[in-house]
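This report describes the fold of one protein chain, proceeding from individual loop residues to strands, cores and overall composition. The sequence and structure are shown below.

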Amino acid sequence: MGRGNNQKLKLLYLAKILREETDDEHYLTMPEIVSKLHSYGVDANRKSIYDDIEQLNSFGIEILSERIGPRTYYHAGAREFEVAELKFLVDAIQSSKFITVRKTRELIDKLKGLSSRHAAKYLARSVFVAGRVKNMDESIYYSIDAVHSAMNEGVMLQFRYFHWNLRKEKEYRHEGRTYRISPWGLCWDDENYYMIGYDGDAGKIKYYRVDKMTDIRLLDEKRKGYSEFQKQDKSLYTRKRFRMFDGKEQVVTLKCRNALANVMVDQFGKEIRMVPADEEHFTVNVDVAVSNQFYGWVLALGGDAVIEKPVEVKEEMEKLLRGYLARTEEKEK
């Protein structure tokens, strides 16, 4: 591009230089700004740059100046995101199983572009994506887009749902038959993306892993289940389920060592009531969807939490443990 054409882009190049090269801790002097503009093929003098900086500020791109001794230093001010906010987004992206390694790096690179080059190096401080379990199929982005489109248009979705078998092949549920579900929302839990949908045949709200949905198609039928969806306290609904596995919702009484108070609050929220049982234990009633995943969670607490009631839940836990021990003993013979 010729110098004359570049001259027309002077204001844009000035904004680019200041946003990429400066921040609250890094500055440029006027001679440095002039020099960097020259590197883009733009001729500039001090007076014209002063005017340009005023225009950028008027437009909403904050450029600050600070006089230190005989020199004035310039730097970009407020940005769309603070560095701490960008770090948070980077951590969320890199820890998400449904985002592929390639897409993770692409997204993080884009986030870096929202900060100065000096701050960008801190955004890569813990990007250890290569060793993490990551989705290998980028079709999930199209699946998420299809779910959003169906919700925006207020229509039902048709899709097939699968799980992986021992040969690492997709094995479709319902013998490969399609699901017809009314989508009402998306949620992120345990590093996975789930669609919240109404199953008209079952007459209830269900959750579906988006990365397990294939052959998605929007239907002409209006979605159903609005009243059922509105009845749900979405945050409470997800809190009751362990890794989003469904089960019969029941109030379960746990007897726990006092050291587990923090664990209970983290899992069920500060609204739960922990009643002292003796000097070392407390009891707590938790509303959960009872599933093998719930039993596994209790077991992982290493005996510091035991199920007291209902009796059938306690007996089911004992049955699972006896079955596990029996299978273990058979293998050792």
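His174 lies in the loop that connects β5 (170-172) with β6. The model is a predicted one. Although His174 is not a glycine, its phi is positive, at about 55°. Its neighbour in the discussion, Glu175, is placed in the loop between β5 and β6, and Glu175 likewise shows a positive phi of about 55° without being a glycine. Most residues other than glycine have a negative phi, and most peptide bonds are trans. His174 counts as partly exposed because its relative accessibility is 44%, which falls between the limits of 20% and 50%. Glu175, in contrast, is classed as exposed because its relative accessible area of 74% is over 50%.

A further backbone feature concerns Pro310. The peptide bond joining Lys309 and Pro310 is cis, with omega at about 5°. Pro310 belongs to the loop between β13 (305-309) and α13 (311-332).

**The surroundings of strand β4**

Strand β4 is mostly covered, with 7 of its 10 residues buried. β4 takes part in several antiparallel pairings, which are listed here with a bridge pair for each.

| Partner of β4 | Bridges | Direction | Residue in β4 | Residue opposite |
|---|---|---|---|---|
| β9 (residues 213-222) | 5 | antiparallel | Gln158 | Arg217 |
| β6 | 3 | antiparallel | Leu157 | Ile181 |
| β5 | 3 | antiparallel | His163 | Glu171 |

In a regular strand the side chains alternate between the two faces of the sheet.

**Nonpolar cores**

The largest nonpolar core comprises 24 residues, and those with the most contacts inside it are Phe159, Met195, Tyr208, Val210 and Met213. Two or more residues of this core come from each of the elements α5 (83-94), α6 (101-112), α8 (140-153), β4 (155-164), β6 (179-189) and β7 (192-199). The greatest contribution is that of α8, which supplies 5 residues. A second core, separate from this one, has 21 residues, including Val284, Val286, Trp297 and Val313. In soluble globular proteins, nonpolar side chains tend to be buried together.

What does Phe159 touch beyond the residues up to four places away in sequence? Its contacts are Thr178, Tyr179, Ile181, Met195, Tyr208, Met213, Thr214, Asp215 and Ile216. Among these, Met195, Tyr208 and Met213 are also named with Phe159 as residues with the most contacts inside the largest core.

**Two further residues and their contacts**

Thr283 is found in strand β12 (residues 281-290). This threonine is counted as buried because its relative accessible area, 19%, is under 20%. With neighbours within four places in sequence left aside, Thr283 is in contact with Thr253, Leu254, Lys255, Arg273, Met274, Val275, Ala277 and Glu308.

Glu138 occupies the loop between α7 (117-123) and α8. Its C-alpha atom is 7.9 Å from that of Lys103, and the two residues are 35 residues apart along the chain. Excluding residues up to four places away in sequence, Glu138 touches Thr100, Arg102 and Lys103.

**A three-stranded sheet**

An open sheet is formed by 3 strands in the order β1-β3-β2, with antiparallel pairing. Its edge strands, β1 (28-29) and β2 (63-68), each pair on one side only. Strand β3 (residues 71-76) is joined to β1 by 2 bridges, and the two run antiparallel. Across this pairing, Thr29 stands opposite Tyr73 in β3. Helix α2 (residues 10-21) lies across β1, β2 and β3, and runs at about 90° to β3.

**Cysteines and disulfides**

How many disulfides does a search of the whole structure find? The search finds 0 disulfides. A disulfide is a covalent bond between the sulfur atoms of two cysteines. Cys187 counts as buried because its relative accessibility of 14% is under 20%. Cys256 is also buried, with a relative accessible area of 0%.

**The chain as a whole**

The protein chain contains 13 helices and 13 strands. Of its 333 residues, 40% are buried. Among contacts with a separation of 6 or more, 65% involve residues 24 or more positions apart. The accessible surface amounts to about 20100 Å², and carbon and sulfur atoms account for 51% of that area.

Note on methods: Residues are numbered from 1 along each chain as its sequence is written. This is a predicted model: local features need pLDDT of at least 70, side-chain atom pairs count only at pLDDT 80 or more; totals for chains, interfaces and linings use all residues. Side-chain values use heavy atoms; hydrogens and water are left out. Two strands pair if DSSP finds at least two bridges between them. Helices (H or I, at least four residues) and strands (E, at least two) are DSSP runs, numbered from the N terminus. Contact means heavy atoms within 4.5 Å. Axes are lines fitted to C-alpha atoms, for helices over the stretch in contact, and angles run from 0 to 180 degrees between N-to-C directions. A disulfide is a pair of cysteine sulfur atoms within 2.5 Å. Buried means under 20% relative accessible area, exposed over 50%, partly exposed in between (1.4 Å probe, protein chains only). Accessible areas come from the Shrake-Rupley method with a 1.4 Å probe; for residues, only the protein chains shown count as cover. A nonpolar core is a set of buried Ala, Val, Leu, Ile, Met, Phe, Trp, Tyr and Cys residues joined through side-chain atoms within 4.5 Å.
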